[in-house]
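Here's a quick briefing for anyone meeting this structure for the first time. Have a look at it, then read on.

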Amino acid sequence: MTALDPAAEQVLQDVAVSDLDRARARAMLGLGKTGDQHTDSRSLREVITGSKAGWYTVIVLGLLGLVGTLQGYAFGVMAPEIARTLGITRSEIATLNAVKALATAALTIPLVMTVQRTPRRAFVTIVGAFVWAVFGLMTAFVTTLAGLAVVLIADGATSGTQTTMHMPLLADSYPPQGRVRILSMYAGMGAGGNIVAPLTIAALTTWAALTWRGVFLFTGLLTLVVAVLATRLRDPGFGHLDTEKVRAASVAGPVQHGPQLGFAEITRRLMMVPTIRRQLAGWMVLGAMAVPLGTFITFLLDERWGIGPGGRGILAATQAAVALGMLAKFGKVGERMLRDNPASVVQLASVFIAASTVATSLAALAPYFAVVVVLLTVGSAGIAMLAPSLGALQMGLVPAEMRPHAIALGGLSAGFGGLTGSIYLSGIDRRFGVAGAIVALAIPGLIAALIVRSCAKTLESDIDHMVTDLVEEARVQAAVANQAPLPLLALRGIDAKYGDLQVLFDIDFTVAEGEIVALLGTNGSGKSTMLKVISGLLLPSAGSVRLSGTDITYMSAERRVRLGITQIPGGHAVFGPLTVVDNLRAYAETLDLGARALAPEIDRCLELFPALGDRRNQLAATLSGGEQQMLALTKAAILRPRLLLIDELSLGLAPTIVGGLLQRVEDLRQSGTTIVLVEQSVNLALSVCERAYFLERGTVRFSGAGKDLLQRDDLLRAVFLHGADAASTRRDKGAP
Amino acid sequence: MSDEAGRVTPRGILTVCLVTLLLLSGCTLSGLSFRKDGRLTIENLADRSEITIPYLLEFSFAGTLSPKGASAFGVLIDWTPPPPGKTLASLLDNDPACSDPLGCPEGYLERNRITVTTETSIMIDNVPVGTDRQESRGYHEITIVLVDAEGRRVGETSAFARFRVPGINE
């Protein structure tokens, strides 16, 4: 039996992340500061010219945002004319808009999948811009509703590159110390579209006397020009100015990377971050307010104040100008807030949302038009502040390669919220009119403010978790590259929850290659939960799980099986309605073995328990409890696991049978399998395990040699008392 | 479509262009109006006006009507006009009264406020009552298009205005 190598223990100590490491990493990400690092006080111009990207990236992406605003505005203003030409109703136009929004949101997912492994966001942006331009041009030539639908869906799909790619590209092109200002500048150029758009559309439709077709021809050509300008965009790589820098600063040599996560794994990982979850909830509720707001404000201005498209354009331009001014002022302040206290940024963002909500609701009731203009301007300026403030925070909260995913999830949340909000408001509109609908928007608006504000509670710990993961990963990968001795399995600082109920607290757990380690504790102490965290059936809310140094914390259970981790679940490890052989075949499916290779594998495994071989065609449900556990072990053996997790092998079995099973477990270990054995029976476990961990209420109360655990009466009393209690219960029920 | 550095390759651009051309084949390049022709104009009803009915609407046409092309005007109240090439009667395709192979009954289109005329004025003497005007916020819409002898819309030329009739549908 093997104990953990002292050299491996030393490696684990070396890769551990200290508070100072975290503070330094946070300072590099612009989310904190340290006394020994000077504050970056460069002007925006210096930040931009000092970066490799220069002015080009932010201006080109900003221009794409601007033409996006222009195209959106053109479609909104020209919709009635389009309807009259193509013979489609206003409802059909509204449906097309909804379909376009849905396409924009839904198609961000495949877009994100194309960039998650290779940093090709610039390429996707360029191609997206060209396709977008072409579809913009094609809008000018459609003659049917179906044609318009196809063009709009494609337009939505390609304009989705803006929402998902631009912000991560900007975040990786410029240092985090100037991030809020850069994002403010980018948002400002998008807002500038609201100034340019009304003027351009007015000029095109009056002076140039263009129809909607002419307008789309113009905007399509303009987009094409910007797309050509964008062809020099280059992807700077994932996080070389922040997260990669943190990794590089954590190790002496070059930064090594472990296996990459897939789309679903990244999404699950993001959803495990409480702040991200809250942000997404916030976007969803905010979407319910913000998405339909524009339509209802248009109706308010039109119906109550008689303001036509021209007047509304002037108002939109005024709002954009004020937003631009505020964005210009906010950048530097936002960066300082992020550096000094990131939580204050979300608090400020929640104030922006609340102020916008209140101002917009009051605008619906205001008796004077001047007051309406002021209130609507305040409302739109508040919303404009959210992109740079929450965007910069979101960019800092997740590793660079996961940023497009975070943004896509945000877009989907806002889109779903918008759809819900539209349904909610159309009902209110019918009953109380347009002013009533706008006032009703205060409800989702204020709820969104509260949700965003609640991010402040979890933000600090989530940033710490993220930087800890970054630094630890870099150090472990460096250790792997240096062939340092690492344990087969290492859990660090694991927290796990079922909903809001936390079950595991800061668990550290290591298992050396070839070892059998006992995991002991009373019922409800968290043993089975820990096995689930190792096998991937449950994701931890904090901490890391590593297999020979490879970070598998967020890997799917299926991938872990392929890496060699197999779990025998307690009490129900076989498929009752299947025969013994089919049980084995079902497990072997995971290995993609052909039928020819499978048969000898099954024979090999059945040799472990010859009694099972005699019953190979018998239904598993008809086997005795001991035979079912034998089958469970056989199923695990067919996968030839590197790490076998066994949950309650002896539960309800006679000692003689358990003895035989334990002998097979020992045989598996001899053949090279490392084993974690969860048991309630201490004596049984320690008969095969040299080392043991003892869990109590989700924390490790003991770890060390089994013989030392036997001296700990304070711990074992609980197990024995519980065991005696359980035994008496079984006796009372007539169990043997 | 991109090389290792993520740069756009000529093959990538070519692929995008080919796909685009394929999609472009679904569009039309002829008969589309990119500039306002301004030939058809409503003369005595500004957009978003209030009127009382009956109201004599006057409009003008700077072109000439011909038997082979645009031979009449189609005047529609609270209808989105059909696309070019479709008849005005197609708006009532789903109306059970028009399910007869011979088409709608005599005068049915007019009763539904779809009028074909060669005159440049028309009397508005009724507007829909009891219909849901929520979508247009109480405004009625009048659209004038060009039609051929069979009532088919010709070209994309149109004139449009919205009006309210105080006391009705508000």
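What follows covers the nonpolar cores and a few unusual backbone spots.

Keep in mind that this is a predicted model. Its largest nonpolar core takes in 238 residues, and another core, of 20 residues, lies apart from it.

**Nonpolar cores**

- As background, nonpolar side chains in soluble globular proteins tend to be buried together.
- Within the 238-residue core, the residues with the most contacts are Leu170(A), Leu519(A), Leu677(A) and Ala692(A).
- Helix α4 of chain A, spanning residues 54–86, supplies the largest share of this core, with 16 residues.
- Take Leu677(A): leaving aside neighbours within four places in sequence, Leu677(A) touches Ile516(A), Ala518(A), Leu519(A), Ile646(A), Leu649(A), Ala685(A) and Cys689(A).
- The separate 20-residue core includes Leu40(B), Leu88(B), Ile114(B) and Phe163(B).

**Backbone oddities**

- For context, most residues other than glycine have a negative phi, and most peptide bonds are trans.
- In chain B, Ile53(B) and Pro54(B) are joined by a cis peptide bond, with omega at about 5°.
- Pro54(B) sits in the loop between β2 (49–50) and β3 (55–61) of chain B.
- Arg640(A) isn't a glycine, yet its phi is positive, at about 45°; look for Arg640(A) in the loop between α25 (625–638) and β7 (643–647) of chain A.
- Arg640(A) counts as partly exposed because 17 other C-beta atoms lie within 10 Å.
- Arg697(A) also has a positive phi, near 50°, and belongs to the loop between β9 (691–696) and β10 (699–705) of chain A.
- With 13 other C-beta atoms within 10 Å, Arg697(A) is partly exposed.

Note on methods: Residues numbered from 1 in each chain as written. Chains lettered and ligands numbered in written order. Predicted model: local features only at pLDDT ≥ 70, side-chain atom pairs only at ≥ 80, totals over all residues. Core = buried A, V, L, I, M, F, W, Y, C linked by C-beta atoms within 7 Å. Buried ≥ 20, exposed ≤ 12 C-beta atoms within 10 Å, placed from the backbone. Helix = DSSP H or I, 4+ residues; strand = E, 2+ residues; numbered from the N terminus. Contact = placed C-beta atoms within 7 Å.
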